[in-house]
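Colleague: Before we discuss this model, could you set out the terms as we go, so that each label can be checked?

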Amino acid sequence: MFQRLQEGHPVYGNLMGGRWITSQSGKFIDIHSPVDGSLVGKIPAMTQEEVAASIQDTKTHLKEWAAMPVFERANILHRAATLLEERAKELAEILVMEIAKDRKSALSEVTRTADLLRYTADMGKSLEGQAMSGENFPGGSPDKISFVTRVPLGTVLAISPFNYPVNLSASKIGPALIGGNAVLLKPATQGAISALHLAKIIQEAGLPDGILNTVTGRGSQLGDFIVTQEGIDFINFTGSTEVGMRISQLSAMRPLLMELGGKDAAIVLEDADLDFAAENIVSGAYSYSGQRCTAVKRILATDQVADDLVEKLKKRIEALPVGDPRDNAVITPLISERAAESAQELIEDALDKGAKLVTGGQREKNLLTPTLLDFVTAEMDVAWEEPFAPVLPVIRVKDVEDAIQIANRSEYGLQSSVFTHNIDQAFYVARRLEVGTVQINNKTERGPDHFPFLGVKASGMGTQGVRYSIEAMTRPKVIALNLQNP
């Protein structure tokens, strides 16, 4: 998978046709740690010609793979899950240094991914075809019978993000493979090393050559090219709304499954348990420094409870450990200095327009202290833009109708949460929110991985979750049997 340089830094290759190769151009991209700037490793900067060859290579054994019994494909995923668990600590350490994820969260990502692969394997075995009789429709005949099965789409392009490079790669690869597809994995540049380790594990689990290939390189050089290649039959993307919209424009008739940005609101009503709400909101907003599409990105609190809630939030936020992920800090360096600068610009814009800084707001390079802003209004950018950082605005609202109206003004529609003891009120709010998922008395979050996961508006396209992902990356095949009467 890689060879070591004299300095001790690993040089990685890409998986193609069962071999680990580097680019013929001889060009590499240095991956530096957001933790301390150290060199984590080098990944190949593949050329467009090499990407095209890798796509074509996925077609070599695709028919044999699609014809393999599902239980054999499932066995490979089970073996991959076991290998993941055996190497969980090693892979977690790579995550810590490559994307500055704290050890606890990094280890959890790996073990959760093993569970996802096992569940995917078992779900694939449970998906069954359907037989339909023509006599069930008016004017039909019992002599016409339809057999409906599911068949793979072909080559799936899986584009994974930096923040969950193991889990969100596997959530695309696993369902695609169990459905009989081949996969071309294009991980985010920062996070690619972790994703390549995952690919190596799946290869070692017994996956046939060419069924999972990888390509690494800058999105600016490969992005438009790779999504427009004729050999790509399905695109599964997680990343920014800006890039997702670009892919949508370029993809023509190719089916898409996309998880994009979010501006998830936590609505806190006057009868909520404020201690419980504060605990959940802080966990939901600040874990992994807010670098999650499902992080709580804004609070909509009624005037009656806002003062008390802000005080409870402040106390909990200031207790969060800040610093090096190797020391189990919760607030760790952001993925880049540019990300920190963008978040700081949102903070400064809000303060210039009258917001109150409750706590935080300090930055050193790419480390930003957990920040809480109060009295945020609709005129402030932070009310609408996604910071992808530990920045949380409080927007005070008159009542539940005001909260719903502001929540729905967002261009995003991923998730929202509502905190209340009134179940009727909770369902009233949930039904009116324009999002994919509403959490009642809980932080916004992705899992469990078998639940349907989707966004509306600018937050995504299609539905993920193990069963839903398998169905998205396969299609019905109908064989109609017409019986002849003697």
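Modeller: Buried residues, meaning those under 20% relative accessible area (exposed is over 50%, partly exposed in between, with a 1.4 Å probe and protein chains only), make up 55% of the 486 residues in the chain. This is a predicted model, in which local features need pLDDT of at least 70 and side-chain atom pairs count only at pLDDT 80 or more, while totals for chains, interfaces and linings use all residues. Residues are numbered from 1 along each chain as its sequence is written, and side-chain values use heavy atoms, with hydrogens and water left out.

Colleague: Why is T189 called buried?

Modeller: The relative accessible area of T189 is 13%, and the limit for buried is under 20%, so T189 is buried.

Colleague: Which residues does T189 touch, not counting residues up to four places away in sequence?

Modeller: With contact taken as heavy atoms within 4.5 Å, T189 touches I29, I31, I43, E98, G217 and R218.

Colleague: What makes the chain agree with a compact globule in its radius of gyration?

Modeller: The radius is taken over C-alpha atoms, and the globule rule is 2.2 Å times the number of residues to the power 0.38; for 486 residues this gives a value near 23 Å, and because the chain has 24 Å, the two agree.

Colleague: How many bridges join strand β9 to β10?

Modeller: Six bridges join β9 (residues 155–160) to β10, and the two run parallel; strands are DSSP runs of E with at least two residues, numbered from the N terminus, and two strands pair if DSSP finds at least two bridges between them, so β9 and β10 count as paired.

Terms used:
Helices (H or I, at least four residues) and strands (E, at least two) are DSSP runs, numbered from the N terminus.
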